[in-house]
Amino acid sequence: MGTTLKSSQTQASSHSVLIVGNYCHDVLLRNGNIIAETIGGAASFMSNVFNALSVSCHLTSKVGQDFKYPVSYDPIVVSSARTTVFHAYFGVGLGGNGRQDRVLKRVEACDPIRPADLPEMRFDFGMAVGVGGEILPETLQRMAEICDVVFVDIQALIRVFDRNDGTVKLVGLKESGFYHLLPRIGFLKASEEEALFMDVEEVRKWCCVVVTHGKDGCKLYWKDGEMKIAPFSANQIDPTGAGDSLLGGFVAGLVHGLAMPDAALLGNFFGSLTVAQIGLPKFDFRLLQKVKDEVQRRKMQYRSDSRVEELKHMKPSGHEEFHASLTAVKSMSTHSIEECEQDFLVPVPPPKAVEQVRSPHYTLQPKLLLNNNPACEEPIATVHGENLQL
């Protein structure tokens, strides 16, 4: 049985967003040793971006009483379950292809999110972003009923877990049990690797597909066309959550009234900020204000464009200039974040203090490192160039 903690969430209003997905505990291991622990779950990264851009959202997430971290959006606490836990094992040399050097295992699974757990209100945008199998077909169907447009991360649909040790594997989208819901989905986001488990040419007939390509940005596909969206350069330290932040920035851009290509550009921007920090990123307040100013300036440019109604699937005039302005904002930011110092903060202990403690917006969730490497000379979540996407 679950109980909801006293809510601190902003009431849903115009252009409000519903995020559905469980918070997690992520544990990274190398050669049998724990090297990091941090809050996980796509919902944590997306709500972080929404907070940064002042986007109203409601988050439905389930955790156990052992949940370690203070958060801005209260989860449903399930007294009879534990918080979902993922272990990421590095350096085990699997596959023999030089690429599969990480094994991801779900070692604990909190309860799934059911239709009755969703709020009884309407939202402009809904985001189904489960990571541990917590999104059920009936829950996604209910989201389609209460949200005008639904965005889905494909990992919420195609991940399966070994019954013996919880190893994460992927199945084809057609075999996932969700395929029949595609006509009710507005956008489906997938990484380059995950896109191999669906027929993009077929899926794009039903909904818009967003495929992320890491340092190469992302690509949009819709029924009658496709478009590459330029990336932003970044000094990659920890790629965890980059795709989640990208999707969060994309939806936030749409909420603020940007055309789809410009919103995707904003998503790439926040993805690049995320990989440059360890764990859940902290965004510099001055940078955020400049980004908001650029978004507002971009909207003003739309008003002078007589083709504004045609912008949905076209790069509007000034798109490259918008990219250049965001690049300039990024280069001016000092990113005054002491990553190494944050690495050694101890997570907030679990004993029921979650009800009392809230993390302010834009704060980096604590991460515990146990590898005795205070110089932070080596990226903790990148092994042989492989991205960690918990």
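Over residues 334-390, pLDDT (the predictor's confidence in each residue, from 0 to 100) stays under 50. The structure is a predicted model, in which local features need pLDDT of at least 70 and side-chain atom pairs count only at pLDDT 80 or more, while totals for chains, interfaces and linings use all residues. Residues are numbered from 1 along each chain as its sequence is written, and side-chain values use heavy atoms, without hydrogens and water.

A second stretch with pLDDT under 50 covers residues 1-14. The table gives the contacts (heavy atoms within 4.5 Å) of both stretches.

| Stretch with pLDDT under 50 | Contacts beyond four places in sequence |
|---|---|
| Residues 1-14 | 36 contacts |
| Residues 334-390 | 142 contacts |

Where pLDDT is low, the predicted coordinates should not be read in detail. For the chain, the mean pLDDT is 81, and 76% of residues reach 70 or more.

Helices (DSSP runs of H or I, at least four residues) and strands (E, at least two) are numbered from the N terminus. Helix α7 (residues 285-303) and helix α8 (residues 319-332) have axes that come within 10 Å and cross at roughly 165 degrees. Axes are lines fitted to C-alpha atoms, for helices over the stretch in contact, and angles run from 0 to 180 degrees between N-to-C directions. The two helices α7 and α8 are therefore roughly antiparallel, a term for angles over 145 degrees. Among the residues making this contact are L287 and V291 of α7 and F322 and L326 of α8.

The structure also holds 17 salt bridges, each a side-chain nitrogen of Lys or Arg within 4 Å of a carboxyl oxygen of Asp or Glu. One salt bridge joins the side chains of K68 and E37 (2.9 Å, N to O). Because K68 lies in the loop between β6 (62-64) and β7 (76-78) and E37 in strand β4 (residues 33-40), the pair ties together parts 31 residues apart in sequence.

Note on methods: Angles under 35 degrees count as roughly parallel, over 145 as roughly antiparallel, 65 to 115 as roughly perpendicular and the rest as oblique.
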